[in-house]
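User: I've got a structure here and I'd like to go through the labels people put on it. Can you walk me through what backs each one up?

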Amino acid sequence: MLDQFDARLDADFPPVDPVRLIAALKPLLPPENLKTQAEALRPYETDGLAAYRSLPAVVALPETVEQVQAILRVCWELGAPVVARGAGTGLSGGALPYPGCVLLSLAKFSAILEIDALARTARVQPGVRNLAISEAVAHLGLFYAPDPSSQIACSIGGNVAENAGGVHCLKYGLTVHNLLKLEMVTLEGEVLHLGSDAYDAPGFDLMALMTGSEGLLGIVTEITVKLTPLPETTQVLLAAFDDVAVAAQAVAEIIAEGVIPAGLEMMDGPALRAAEDFALAGYPKNAAAILLCELDGAAPDVAEEIARVSALLSSCGATEVRLARDEDERKRFWAGRKGAFPAVGRIAPDYYCMDGTIPRRALPNVLTEITRLSEVHGLAVANVFHAGDGNLHPLILYDAAKEGDQDAAEALGGAILELCVSVGGTITGEHGVGREKINQMCVQFSGSEIDAFHALKAAFDPKGLLNPGKAIPTLARCAEFGGMHIHHGELPFAHLPRF
Amino acid sequence: MHTSPGSDLTEAIAERVRAGGPLRLEGGGTRAFYGRPVQGEALSLAGHRGVVDYDPSELVITARCGTPVAEIEALLAGENQMLAFEPPVFGVAGTLGGAVATGMSGPRRPFVGPLRDYVLGARLMNPQGEVLRFGGTVFKNVAGFDAFRLMAGSLGCFGPILEVSLRVTPRPRVERALVFEMVGEAARTWVTGLMGRPLPLSGAFHDGARLHLRLSGGEAGVAATKAELGGEDEALETWDAIRHMTHPVFGAPVLWRVSLPPTGSAEGFATTAWDWAGGQRWLTADAVDPGVWERAAQLGGHATLFRGQAPNGEVFQPLAPGVFNLHRRVKAALDPAGIFNPSAMYGGL
């Protein structure tokens, strides 16, 4: 069990008597919606980051907003920590229970409440799966654009909590750009509406602040999302390179050319070979890297852009440029990319997926440095990127059964994230900080910045009971783990050019 | 990578902030008409200027708050790029800080998103005179709360926004302006239908008599759409007048901006000129009628007194009590003593 919460460093609550807590919650929910037995709690002890585990005192599965309000009021009165959970697919331990907390599952909030084809909006509950929204509106010629790789399973409430991204972000934006309105319940049990059915709302943009706040500010109970017309045509180019740095340079050239692809993804040799063996996508297995470039829009414009980008890729040094011949091949190209993570899972007993973002121009240097770090730590790395927006997913290969391997993987992961910060990037592009990257927050942010985050948290949650120990570290934690703070001139990787 | 000459007044601003407030934050002064009047000593940020970093292949520009928007746009145009949200600028002195603090977006807003969506990061000064950096220069960044997005439209209530990083976009290869003889509500229904299709629309404005459309995109897509929609060609400059609010429809002693759900009822506002495909209506009058706030709210929208003086001094739509209470707490979190632009947005905030 990794990285248990440390009351000294993360939160300091007087313990809540579980018997009293359960007794207070029992009258609020049908018995089957309140889980208290150890075996019933076990499935909730971890989210998608399975190395982190901790048991809640109780799991509550409300079905109405009134029940959510009542549960939160109990937590408020008893001082009980409460952690919201959607589908549990998060990759940073954001839904990891605080020991002895109330785990508030929103799984039963799974209804699409209203679809307005004319306004191109859908009003949904947080437990609705991301892909289910697009499926429900496809017959109207619409889709919900943000598409995290887990979209078949992840819930839209979790997407809001993490401000989830995906392949289409570069052109269609993140979750925050595709929301109109949120209904939320505060820890005191008050229902608030943020945003609007109009294009904007009066006052501060608290909806934007809520998005990506990792469940620290309130519980979202309803979401109005923006829908996008399905493009007339979608085409994908595959370009192979015999040098990763050359592929990285081609990414910058495409953007500088004035083309915004719907998706621009890159895989290095180890990643593409694993993906090919897994998905039989038709990737050139001898390449050092491949780029997938998806272009969509009006058919004549796409044809023109395909010609321009193909020529550009060739002049940038691609050894092969291939246009998916038909929809089947296009889907196969993407199946390989979307299956890259499980594919890597077949070539190593374990892998640790990182999630940092860097300025695109730093790509060649960062790739070189990751290779060096990989050698220093003695673990192989396969690289998968959302290259268009600089979001890296280095997959660190290790064997948890091997003494010291897991610690080495964590150390290498931390070093890669600090590398991202040192070139002007960030420790997380789309997975969130959660529990996983809580220490690296001390690298990216100064004490005063973290203080400001705590002040904002307290404005919403004065008792600090919502998802404690996540996303925003205490200064005590930074003092203990933040030795590599960049804000006082102690730059990690000082030899790298900084931007 | 480009930069432009400018001056870094961070330390001087910090010194003034540390001396205490209340402070009235000022940029180029072109947006001083917007919001409630602020009682406080002026703190000028206009001299804190210059483009800190611009790399066309990154699609990001970082500039100090006092940098004129016109200067930024000229630099971008040189690289065939632009600010997609087309902030209205009320004169050459209009600054980047003012554009972000007021959060206004131009005619392209319903098609590409608001100013807020293009803010990637900001440096803010806290009441202790320390510089806080939120967000960054990369598009995908979910570390920490997104306090930088909160700055957009905050009217400087959280402190001087010293520096902003914005996402920029390539300029469309082709643009055409079209005009149609069509009454307002019929035009709105037609345009709403068009927006459900992947067409290269980038503006839909009704001046009370005629519908103006703008198309932006690739050569073939724009040509095909123009052939399908018909209409008469007009000068693209019409869209500058719409964007910067120099069009005659904005000239009246009292001007309300009414933001409504774009496909809902517009009862009571049907004869107004509109932009944003019907989502942003401009109501002109000779005198302020506070009933406008109530009527806008009944339609699921909100109203802003853009020009004119309300009897109670308020400018923005009243907030629900719970939301207002949260506003007070958020303001107090970042500015506990209330020294930055007190009551610029609402009385008591």
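User: How far apart are the mean positions of the positive and negative charges of chain B?

Analyst: They are 4 Å apart, taken over 31 positive and 34 negative charges. Here Lys and Arg count as positive, Asp and Glu as negative, while His and the chain ends are not counted. Each charge is placed at NZ of Lys, CZ of Arg, CG of Asp or CD of Glu. For chain A, with 37 positive and 62 negative side chains, the two centres lie 3 Å apart.

User: Before we go on, what are the ground rules?

Analyst: This is a predicted model, so local features need pLDDT of at least 70 and side-chain atom pairs count only at pLDDT 80 or more, while totals for chains, interfaces and linings use all residues. Residues are numbered from 1 along each chain as its sequence is written, chains are lettered from A and ligands numbered from 1 in the order in which they are written, and side-chain values use heavy atoms, with hydrogens and water left out.

User: What makes chain A as compact as a globular protein of its length?

Analyst: Chain A holds 17 helices and 19 strands, counted as DSSP runs (H or I of at least four residues for helices, E of at least two for strands) and numbered from the N terminus. Its radius of gyration is 23 Å, close to the 23 Å that the globule rule gives for 499 residues, so the description fits. That radius is taken over C-alpha atoms, and the rule is 2.2 Å times the number of residues to the power 0.38. The C-alpha atoms of chain A fill a box of roughly 70 × 55 × 45 Å along the principal axes.

User: And why is chain B called as compact as a globular protein of that length?

Analyst: Chain B has 10 helices and 17 strands. Its radius of gyration is 20 Å, close to the 20 Å from the globule rule for 349 residues, so chain B earns the description too. Its C-alpha trace spans about 60 × 50 × 35 Å along the principal axes.

User: Why is Val65(A) called buried?

Analyst: Buried means under 20% relative accessible area, exposed means over 50%, and partly exposed is in between (1.4 Å probe, protein chains only). Val65(A) comes in at 18%, so it counts as buried. It sits in helix H3 (residues 65–78) of chain A. Leaving aside residues up to four places away in sequence, Val65(A) touches Phe109(A), Glu183(A), Val185(A), Val191(A) and Thr221(A), where contact means heavy atoms within 4.5 Å. Across chain A, buried residues make up 62% of the 499.

User: How do you know that Arg477(A) and Asp10(A) form a salt bridge?

Analyst: A salt bridge needs a side-chain nitrogen of Lys or Arg within 4 Å of a carboxyl oxygen of Asp or Glu. The closest N and O atoms of Arg477(A) and Asp10(A) are 2.8 Å apart, inside that cut-off. The pair links distant parts of the chain: Arg477(A) is in helix H17 (residues 475–481), Asp10(A) is in the segment before helix H1 (18–25), and they are 467 residues apart. Arg477(A), at 1% relative accessibility, counts as buried, and so does Asp10(A) at 9%.

User: What makes Glu327(A) partly exposed?

Analyst: Its relative accessible area is 38%, which lies between the 20% and 50% limits, so partly exposed it is. Its salt-bridge partner Arg330(A), with closest N and O atoms 2.8 Å away, is buried at 15%. Both residues lie in helix H11 (residues 327–338) of chain A, three residues apart, about one turn of the helix.

User: Which label does Glu181(B) get, buried or exposed?

Analyst: Exposed: its relative accessible area is 66%, and the label needs over 50%. Arg210(B), at 31%, counts as partly exposed.

User: What makes Arg210(B) and Glu181(B) a salt bridge?

Analyst: Their N to O distance is 4.0 Å, and the definition asks for within 4 Å, so the pair counts. This pair also links distant parts of the chain, with Arg210(B) in strand E12 (residues 210–217) and Glu181(B) in strand E10 (residues 174–181), 29 residues apart.

User: How many salt bridges does the structure hold over all chains?

Analyst: The total over all chains is 51.
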